[in-house]
Amino acid sequence: MATKTRQILLHERPNGLPDKNTFAFKHIEIDSPAEGEVLLQMIYISVDPYMRGRMDDRESYVPPFPLHKPIAGGAIAKVLESRDDSLKEGDYVTGNLPWQQYVNVSASDVRKVQAEAAPVSAYLSAVGMPGLTAYFGTLSIGQPKQGETFVISGGAGAVGSLAGQIAKMQGARVVGIAGTDEKLDYMKSIGFDEVINYKTEDLTKAIKRTCPDKVDVYFDNVGGEMSDIVLDHLNKFARVVQCGAISTYNDPDNYGPRVQFKLIKSSALMKGFIIGDYADEFEEATKQLAAWVASGDLQYEETILTGFDRIPEAFIGLFTGRNTGKLLVDVSE
Ligand SMILES: NC(=O)c1ccc[n+]([C@@H]2O[C@H](COP(=O)([O-])OP(=O)(O)OC[C@H]3O[C@@H](n4cnc5c(N)ncnc54)[C@H](OP(=O)(O)O)[C@@H]3O)[C@@H](O)[C@H]2O)c1
């Protein structure tokens with residue numbers, strides 16, 4: 001039997017911040033799943049900053065989204081009908097799925113999540129990609145040690161809020177940077193030692209105030225001018241975790257720091273990464289993240305908008321600071 005569904009296509013490549021012209025809604029009908037496929041109902045759609053890069057037509061670590069095709073990204077879905085022995089009706093799965101209410105996919109393209117072990121949305125946040133990014137960025141690259149100062153930009157976001165807590169577990173002093181006083185309160189509530197509102201404080205003065213012994217690890221989610229300033233305060237043998245540069249995604253002229261001398265004078269190490277680099281270790285890290293969530297050692301927050309129509313609004317919200325923790329859209333209705 002055919003199922004009616006809506007989907008969201010990339011209508012036009014954005015020039016700067018995406019707007020409503022970037023997206024187009026379309027109604028389609030899909031057939032019953034074929035042998036080896038499952039019919040999925042989308043439950044949560046994850047909007048992520050890296051998807052902005054895929055809207056441009058340029059070479060990167062993932063190919064650009066094609067124009068006039070559904071945008072796709074991380075999602076949690078429920079199996080409505082299964083034509084594969086590995087999944088049954090009612091199972092929850094995750095995968096890279098189109099912005100579509102219902103879809104048929106090959107069962108091998110999705111992974112079952114343990115809905116009884118954690119709320120399913122957590123597989124897009126604390127025990128999903130943002131959690132893994134925080135885990136490997138902090139532990140494999142940043143390697144904060146007891147008493148060291150760990151500064152994190154985007155500190156109240158999906159990755160930042162988790163990375164700061166993982167650094168605290170290693171005994172570091174954590175300094176979080178974010179853009180509203182409510183986010184500062186949130187960072188304090190999850191144990192950050194010092195917090196900075198980069199929109200209302202002079203960042204140079206704020207770094208001097210909060211990092212009297214300078215910066216040992218800088219976990220950078222933001223890039224641009226903010227990083228220019230933080231990198232002027234690196235301690236000897238500091239580590240810079242280059243996770244993201246969200247301040248530049250809609251503004252290609254925002255080049256950010258010229259790093260050479262900043263690194264030389266502090267003998268610092270700066271390393272970029274893509275979370276897929278650590279795929280071989282995902283299983284073990286996911287178990288650890290789930291254990292920390294279950295024990296309460298790792299707290300997580302989600303900003304959830306409700307309604308399929310609101311996916312574009314949610315995506316744009318990443319760049320206007322709308323979210324504390326992970327930004328998701330509940331599309332289950
Ligand atoms: N390397 C990897 O494999 C990997 C994986 C996942 C994510 N990332 C990167 O990690 C970063 C964080 O990702 P996330 O999913 O956790 O996103 P997020 O931090 O939850 O969401 C975006 C937040 O960034 C801040 N922001 C937006 N524009 C800004 C600007 N111009 N200047 C300063 N802050 C700005 C906003 O908070 P404020 O209110 O504080 O401004 C906003 O709420 C992104 O750069 C992303 O691309 C990298």
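Biologist: Is Tyr135 buried or exposed in this model?
Modeller: The model is a predicted one, and the cut-off for calling a residue buried is a relative accessible area under 20%. Tyr135 has a relative accessible area of 15%, and therefore it counts as buried.

Biologist: How many aromatic pairs are found in the whole structure, and what is the angle between the planes of Tyr135 and Trp292?
Modeller: A search of the whole structure gives 11 aromatic pairs. Tyr135 and Trp292 form an aromatic pair with 6.0 Å from centre to centre, and the pair is classed as tilted, the angle between the planes being 45°.

Biologist: How many residues apart in sequence are the parts that the pair of Tyr135 and Trp292 ties together?
Modeller: Tyr135 belongs to helix α2, which covers residues 129–142, while Trp292 belongs to helix α8, which covers residues 282–295. Trp292 is buried, with a relative accessible area of 13%, as is Tyr135 at 15%. Because the two rings lie in these two helices, the parts that the pair ties together are separated in sequence by 157 residues.

Biologist: Which residues do ring pairs link into a cluster with Tyr135?
Modeller: Tyr135 and Trp292 form one aromatic pair, and both residues belong to a cluster linked by ring pairs. Besides these two, the cluster contains Phe136, Phe273, Tyr278 and Phe282.

Biologist: Over which ring does the charged end of Lys236 sit?
Modeller: The charged end of Lys236 is placed 5.5 Å from the centre of a ring, which is within the 6 Å cut-off for such a contact. The ring is that of Phe237.

Biologist: Why is Cys211 in no disulfide?
Modeller: A search of the whole structure finds 0 disulfides, the cut-off being two cysteine sulfur atoms within 2.5 Å. Cys211 is buried, with a relative accessible area of 5%, whereas Cys243 counts as partly exposed at 21% relative accessibility. The closest cysteine sulfur to that of Cys211 is in Cys243, and it is too far for a bond because the distance is 19 Å.

Biologist: How many residues of strand β8 are buried, and which of them lie on the side with Val151?
Modeller: Strand β8, at residues 149–153, is mostly covered, with 5 of its 5 residues buried. In a regular strand the side chains alternate between the two faces of the sheet. In β8 both faces are covered, with Phe150 and Ile152 on one side, while the side with Val151 also holds Thr149 and Ser153.

Biologist: With which strands does β8 pair, and what is the bridge partner of Ile152?
Modeller: β8 pairs with β9 in the parallel sense over 5 bridges, and here Thr149 stands opposite Arg173. β8 also pairs in the parallel sense with strand β11, at residues 215–220, over 3 bridges. In β11, the bridge partner of Ile152 is Phe219.

Biologist: Which helix joins β9 and β10 in a right-handed β-α-β unit?
Modeller: Strand β9 (residues 173–178) and strand β10 (residues 194–197) pair in the parallel sense over 4 bridges, with Asn197 as the bridge partner of Ala178. β8 and β9 make a right-handed β-α-β unit with helix α3, at residues 158–169. For β9 and β10, the helix in the right-handed unit covers residues 181–189 and is α4.

Biologist: Where does UniProt place the Enoyl reductase (ER) domain?
Modeller: The domain feature comes from an unreviewed UniProt entry. In the model, the chain over this stretch is 26% helix and 27% strand, with its end C-alpha atoms 23 Å apart. The record places the domain at residues 16–329.

Notes: Residues numbered from 1 in each chain as written. Predicted model: local features only at pLDDT ≥ 70, side-chain atom pairs only at ≥ 80, totals over all residues. Heavy atoms only, no water. Pairing = 2+ DSSP bridges. Right-handed = clockwise from strand over helix to strand, strands pointing away. Buried < 20%, exposed > 50% of the residue type's maximum accessible area, 1.4 Å probe, protein only. Phe/Tyr/Trp six-rings, centres within 6.5 Å; stacked < 30°, edge-to-face > 60°. Lys NZ or Arg CZ within 6 Å of the ring centre and 35° of its normal. UniProt positions renumbered as here; feature names shortened; annotations may be inferred.
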